[in-house]
Amino acid sequence: METPIISARGLRKVFPGQGGTEVVAVADLTMDVEPGTLTAFLGPNGAGKSTSLRMLTTLLDPTAGTATVCGHDITTEQAAVRARIGYIGQKNGAAQYQRVRDELLSQGAMYGLDCAEARRRTDELIEALDLGEVASRKTITLSGGQRRRADIALGLMPHPRLLFLDEPSTGLDPQSRANLWEHILRMRDRHEMTLFLTTHYLDEADQFAERVMVVDQGRVIADDTAAHLKATLAGDRISVTVDGGAEPAATIVRRAAAESGATTPDPQVSAEGAQTRLVVAANAGEHVLPRLIRELDAAGATVVTADLDQPTLDDVFLTLTGRSLREENEAAQNPAPETASTGAAR
Ligand SMILES: Nc1ncnc2c1ncn2[C@@H]1O[C@H](COP(=O)(O)OP(=O)(O)OP(=O)(O)O)[C@@H](O)[C@H]1O
């Protein structure tokens, strides 16, 4: 592995809670992140994602543990860390009554760019993030998606090698989310940046991240590629219905599942009138299913229906915790009326 761009060992953050109690926001974060990768940090509300990001970006001191970011210690070399990273938090960074272009220019000055360089960088970011039409408007007048793109432009002003994004797409409609992602990925390609982000959208992590870390109650409970997590912790499920009884279909289904490497190749078999339904776990089900249908047909077992259920990252979370991440996120984003005020106060 190349020298990690983020290296954390036993990072921990404990906040004082109500009535003398303690809230362990992050219990023990240990990880190495390779330069150039896109890592998604997933977990339910309150899992410790933002706190982890805020420690890694030097905004919050850890209670225990150590970490280096871009080769510098997050507690003893904070200025060096900050000079090398961009951070886009959950709240909009752009000042509401500043015009987008002016805000970018001020940001450039703040990072010590001279006037010509700040103008050049501002123009480049306005073009790259499609902000041309709104560059002379005040931030408060922008749509959610435009505002988030302006935030990202601000975070990119100092040319960071590493960009931290806390829920970049939360609250955007599907089209704006897709558009924002197009921009994020384009910026990443152009500048060979490392991206480390939190998101509540499991599909985004699945589609765009090379590495997925799942956190729950302040601990990392899974860390791998999305494909490997799904294959090892959830697995594909094939269902076929055939005319007639269980044999020879059950034998053929069992063999196909075993050949795919499934650890439990015995199908669940149930009679449905004159037909039989067989359900089995399989690896790489999209390759197993067509072959299975051909084999069943060749053996005289007429296939009436065939289904392939492929797991999502939510199935992975369900396997790990017995809870649905998707449902927890939805519940947190649409709290019931009687709990709305506590949710908002968080
Ligand atoms: N300043 C603080 N003081 C006390 N408790 C805090 C503070 N900041 C965070 N916490 C608590 O620490 C825990 C982790 O919070 P954190 O914001 O890191 O979670 P998260 O995974 O980012 O959640 P979300 O998805 O809602 O942003 C929560 O229980 C939260 O209430």
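This report describes the sheets, helix packings, ligand shell and local backbone features of a predicted model.

Residues are numbered from 1 along each chain, as its sequence is written. Because the model is predicted, local features need pLDDT of at least 70 and side-chain atom pairs count only at pLDDT 80 or more, whereas totals for chains, interfaces and linings use all residues. Helices (H or I, at least four residues) and strands (E, at least two) are DSSP runs, numbered from the N terminus.

**The two open sheets**

Strands of a sheet pair through backbone hydrogen bonds, either parallel or antiparallel. Two strands are taken to pair here if DSSP finds at least two bridges between them. One open sheet has 6 strands in the order β6-β7-β8-β3-β9-β10, with mixed pairing. Its edges are β6 (85-88) and β10 (219-224), each with a single partner strand, so one side of each is left without a neighbour in the sheet. Neighbouring strands of this sheet are turned by 15° against each other on average, direction ignored. Within the sheet, β3 (residues 38-42) and β9 (residues 211-216) pair in the parallel sense over 4 bridges, with threonine 39 opposite arginine 211 in β9.

Two helices pack on this sheet, where contact is defined by C-beta atoms, placed from the backbone, that lie within 7 Å. Directions are those of lines fitted to C-alpha atoms, for helices over the stretch in contact, and angles run from 0 to 180 degrees between N-to-C directions. Helix α8 touches β9 and β10, and its direction makes about 100° with that of β10. Helix α11 touches β3, β9 and β10, and its direction makes about 40° with that of β9.

Another open sheet has 4 strands in the order β2-β1-β4-β5, with antiparallel pairing. The edge strands are β2 and β5 (72-73), each of which pairs on one side only. Strand β4 (residues 64-69) is joined to β5 in the antiparallel sense over 2 bridges, and the bridge partner of valine 69 in β5 is histidine 72. Helix α1 packs on this sheet, touching β1 (6-16), β2 and β4, and its direction makes about 120° with that of β1.

**Further strand pairs**

Strand β13 takes part in two antiparallel pairings, with β11 and with β12. The table sets out these pairs.

| Pair | Residues | Bridges | Opposite residues |
|---|---|---|---|
| β11 and β13 | 236-243 and 275-282 | 8 bridges | valine 242 and threonine 276 |
| β12 and β13 | 268-272 for β12 | 5 bridges | valine 269 and leucine 278 |

β12 and β13 form a hairpin with 2 residues between them, and glycine 273 in the turn has a positive phi of about 65°.

**Helix packing**

Two packed helices are described by the angle between their axes and the distance between the axes. The axes of α8 (residues 226-233) and α11 (residues 313-321) come within 9 Å and cross at roughly 50°. That angle makes α8 oblique to α11, given that angles under 35 degrees count as roughly parallel, over 145 as roughly antiparallel, 65 to 115 as roughly perpendicular and the rest as oblique. The contact is made by Ala226, Leu229, Lys230 and Leu233 of α8 together with Leu313, Val316, Thr319 and Leu320 of α11. By class, this contact has 6 nonpolar, 1 polar and 1 charged residues, where Ala, Val, Leu, Ile, Met, Phe, Trp, Tyr, Cys and Pro count as nonpolar, Asp, Glu, Lys and Arg as charged, and the others, Gly among them, as polar.

Helices α5 (144-156) and α6 (residues 174-191) pack at an angle of about 15°, with their axes 9 Å apart. That makes α5 roughly parallel to α6. Residues in this contact include Arg148, Ile152 and Leu156 of α5 and Leu180, Ile184 and Met187 of α6. Its composition by class is 5 nonpolar, 5 polar and 2 charged residues.

**The ligand shell**

Of the 12 residues around the ligand (C-beta atom, placed from the backbone, within 6 Å of it), Phe15, Ala25, Asn45, Ser50 and Thr51 come nearest. The elements that give two or more residues to the shell are β2 (22-33) and α1 (49-56), and α1 gives the most, with 3 residues. The shell divides into 4 nonpolar, 6 polar and 2 charged residues.

**Local backbone features**

Most residues other than glycine have a negative phi, and most peptide bonds are trans. Histidine 159, in the loop between α5 and β7 (162-166), has a positive phi near 60°. A cis peptide bond with omega of about 10° joins glutamate 247 and proline 248, and proline 248 is found in the loop between β11 and α9 (249-259).
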